[in-house]
Amino acid sequence: MMRALIWTDRETVAVAERPLPELRRGEALVKVAYCGICGSDLEEYWHGPVMLPTTPHPLNGRMVPLTLGHEASGIVAAVNAEDTGGLNPGDRVSLESMRSCGACGYCVSGRDYLCPDMVCMGLQDDGAMAEYVRVPVWACHPLPDDMSFQAGAIVEPLSVVVHAWNLARLGAGQSAVVFGAGMIGLGLVRMAKRRGVRTTAVEADGGGRRRGAEIGAAGAVAAAGAAGLACFAAPHDSDEPGRVAGGASAPPQGPRFRPAPTSRRGRPDGAGRSCTYDQLRVAVPAELAEVFGAPPRPRDEPGAEPE
């Protein structure tokens, strides 16, 4: 048995005993070290069900009550796969959260981020706010030895930051508008500051605007949605053309992920997302520590060893 945080109704979650997940072929059991609390988790608590299914999901048949949590790191406890992709019990990993059907037109064309039957662990399936979580083998991304489990748990949201930054192609002296000063937006503000790009943060929440200013936003606009477009008129006094990046409150239009070639983890051609996981897990020891101030990995992290 294990403990898990279960969503049962709006403003109702509870720690409950649940059986250990049974592994199907191609899956791994991960002992969770850390799990982040995403804005979507808070939305489900205060206003749900929003994305949580109340009828059986068409891909996996799951529905509430479900275990929350999709930003996680941990240690592989068991693997049930002929092709493990090099994954072994004891490996330290960060977890990819999204699953698609693999058969619809979007999936076979490499655009699985548009799959109408998309599943996210912690929303349409049991998640990582538990002692153990079951995930596909390909969703386990090895952590460098010098990366902490804390940093590993935020690879998932920070991969969106890194990917958005790469797509924006910004250089020193340019300017950008960041919509939403949540986790993603603040990460973009911080990265821009470190690279000489001036930003204006558009955020309705006063706390978000203050945090944006504290970590480097040159300006802040108290607006949400379409009202924030007014800042495009002159986001800064720079002559360089500005760009737009989406934070948690208002993501930009278009795909967040590029189709990837055959994965190290054995996903079929065109069925994976680059999602910058590999980029970020390699870059984080330098980039995350420099840009986000992530703590170094302690020699002994309590609670992280599999039983």
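## Loop prolines and the basis of the model

P65 sits in the loop between α1 and β4, where helices (H or I, at least four residues) and strands (E, at least two) are DSSP runs numbered from the N terminus. A cis peptide bond with omega of about 5 degrees joins V64 to P65. The loop between α1 (39–47) and β4 also holds P49, which is joined to G48 by a cis peptide bond with omega of about 5 degrees.

The model is predicted, so that local features need pLDDT of at least 70 and side-chain atom pairs count only at pLDDT 80 or more, while totals for chains, interfaces and linings use all residues. Residues are numbered from 1 along each chain as its sequence is written, and side-chain values use heavy atoms, with hydrogens and water left out.

## Strand β1 and its partners

Strand β1 (residues 2–9) pairs with strand β2 (residues 12–18) in the antiparallel sense over 7 bridges, pairing being assigned if DSSP finds at least two bridges between two strands. With strand β4 (residues 66–67), β1 likewise pairs in the antiparallel sense, over 2 bridges. I6 takes part on both sides, standing opposite A14 in β2 and having T67 as its bridge partner in β4.

The hairpin of β1 and β2 has 2 residues between the strands. In this loop E11 has a positive phi of about 60 degrees although it is not a glycine, and E11 is partly exposed, with a relative accessible area of 45% (buried means under 20% relative accessible area, exposed over 50%, partly exposed in between, with a 1.4 Å probe and protein chains only).

## Helix α4 and its packing against α5

Helix α4 (residues 155–168) has 14 residues and spans 19 Å from its first C-alpha to its last, close to the 20 Å expected, a figure obtained as 1.5 Å times one less than the number of residues. Of its 14 residues 11 are buried, among them V155, E156, H163 and A168. R169, which follows α4 in the loop leading to β11 (175–179), has a positive phi of about 50 degrees although it is not a glycine, and R169 is exposed, with a relative accessible area of 58%.

α4 packs with helix α5 (residues 183–194) at an angle of about 50 degrees, their axes being 9 Å apart. That angle makes α4 oblique to α5, since angles under 35 degrees count as roughly parallel, over 145 as roughly antiparallel, 65 to 115 as roughly perpendicular and the rest as oblique. Contacts (heavy atoms within 4.5 Å) involve residues including L158, V161 and W165 in α4 and I184, L188 and M191 in α5.

How values were computed:
Axes fitted to C-alpha atoms, helices over the stretch in contact; angles between N-to-C directions.
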